[in-house]
Amino acid sequence: MDAQDVRNDLTHVLMSTEEVQATVRDLAAQIDRDYEGKDLLIVAVLKGAVMVVADLTRALHTHVEMDFMAVSSYGSGTKSSGVVRILKDLDADLTGRHVLIVEDIIDSGLTLSWLKANLETRGPASVEICTLLRKPDAMKVEIDVKYVGKDIPNEFVVGYGLDYAEKYRNLDFVGTLAPHVYS
Ligand SMILES: O=P(O)(O)OC[C@H]1O[C@H](OP(=O)(O)OP(=O)(O)O)[C@H](O)[C@@H]1O
Ligand code: HPA
Ligand SMILES: [Mg+2]
C-alpha cells in the first residue's frame, strides 16, 4: 500500500509526526522529573504501545527496565468487547517495584482499568499510567491517568501503533479512519 492509498483510508491527520514526537518527548520529561532516583519498571501493553514505548524510553534519562504484556479486548472490530484476555503475561515480579503502564490509547478505559487492578494485586510499590491518546467522551469507567499526551474526539484512529484489523500500525502519524473502511 503506498502513501496515497493510506490517505484515502483516512478522513484527516489527527497528530502529525512532529506533534507525536514532541508529545512523547514532553511525556518523557514529566516522567524523568517524577521518577528521578527511583527504580522504574515500564510495562508496555502489546501490540499498540510498541511505538510509544520505543520512543518514550529512548527519550528518558531515568534508568528503566522494560517488560511487555499482551492483552486483547478489540479483536478485529472498532468496539471494545469489554472482555480482556491476557495473551502474554509479564516476566517481571512486581513486588516493591514502581510500575508505569504505557499505552497508545485509552478509549472505553475497560482495558486499562482491568489491567491496573490486575497489576495492583501483585504487590508493587506504585502503579501509574501513561498514554499517548485518550478519548474522554468514550470512557465508560473512571481511571486515574497520571500522564496523557493528548485528549482526542471520539473517533476511531489508526497509526503509530494503533491498528484497524492489524493494519496501519506502522504509520508514523495518527489519522482518523474513514467510515467507508469499516462500515
Ligand atoms: O480503553 P479501551 O476501550 O479498552 O481500548 C484501549 C485498548 O484497545 C487497544 O488494544 P487492542 O485490544 O486493540 O489490542 P492491540 O494493542 O494489539 O491493537 C489499545 O491498544 C488499548 O490497549
Ligand atoms: O481508536 C482506536 N483505534 C485503534 N485501536 C483502538 N483501540 C481502542 N480505540 C482505538
Ligand atoms: Mg487494536
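Q: In what sense do strand 8 and strand 9 pair, parallel or antiparallel?
A: Keep in mind that we're looking at a predicted model. Strand 9 covers residues 174-177, and two bridges link it to strand 8. One spot to look at is Val-158, which stands opposite Gly-175 in strand 9. The sense of the pairing is antiparallel.

Q: Which strands stand at the edges of the open sheet of three strands?
A: Start with the order of this open sheet, which is 1-9-8, with antiparallel pairing. The two strands at the edges each have a single partner strand, so one side of each is left without a neighbour in the sheet. Those edge strands are strand 1 (10-15) and strand 8 (157-158).

Q: How many helices and strands are there in the chain?
A: Try reading along the sequence: the pattern goes α-β-α-β-α-β-β-β-α-β-β-β-β-α. Each α in there is a helix and each β is a strand. Tally them up and you get five helices and nine strands.

Q: Why is the chain said to be as compact as a globular protein of its length?
A: For 183 residues, the globule rule gives 16 Å. The chain is close to that, so it counts as being as compact as a globular protein of that length; its radius of gyration is 16 Å.

Q: What share of the contacts with a separation of 6 or more comes from residues 24 or more positions apart?
A: A contact here means C-beta atoms within 7 Å. Take the contacts in the chain with a separation of 6 or more, then pick out those between residues 24 or more positions apart. Their share is 64%.

Terms used:
Residues numbered from 1 in each chain as written. Chains lettered and ligands numbered in written order. Predicted model: local features only at pLDDT ≥ 70, side-chain atom pairs only at ≥ 80, totals over all residues. Helix = DSSP H or I, 4+ residues; strand = E, 2+ residues; numbered from the N terminus. Rg over C-alpha atoms; globule rule 2.2 N^0.38 Å. Contact = placed C-beta atoms within 7 Å. Pairing = 2+ DSSP bridges.
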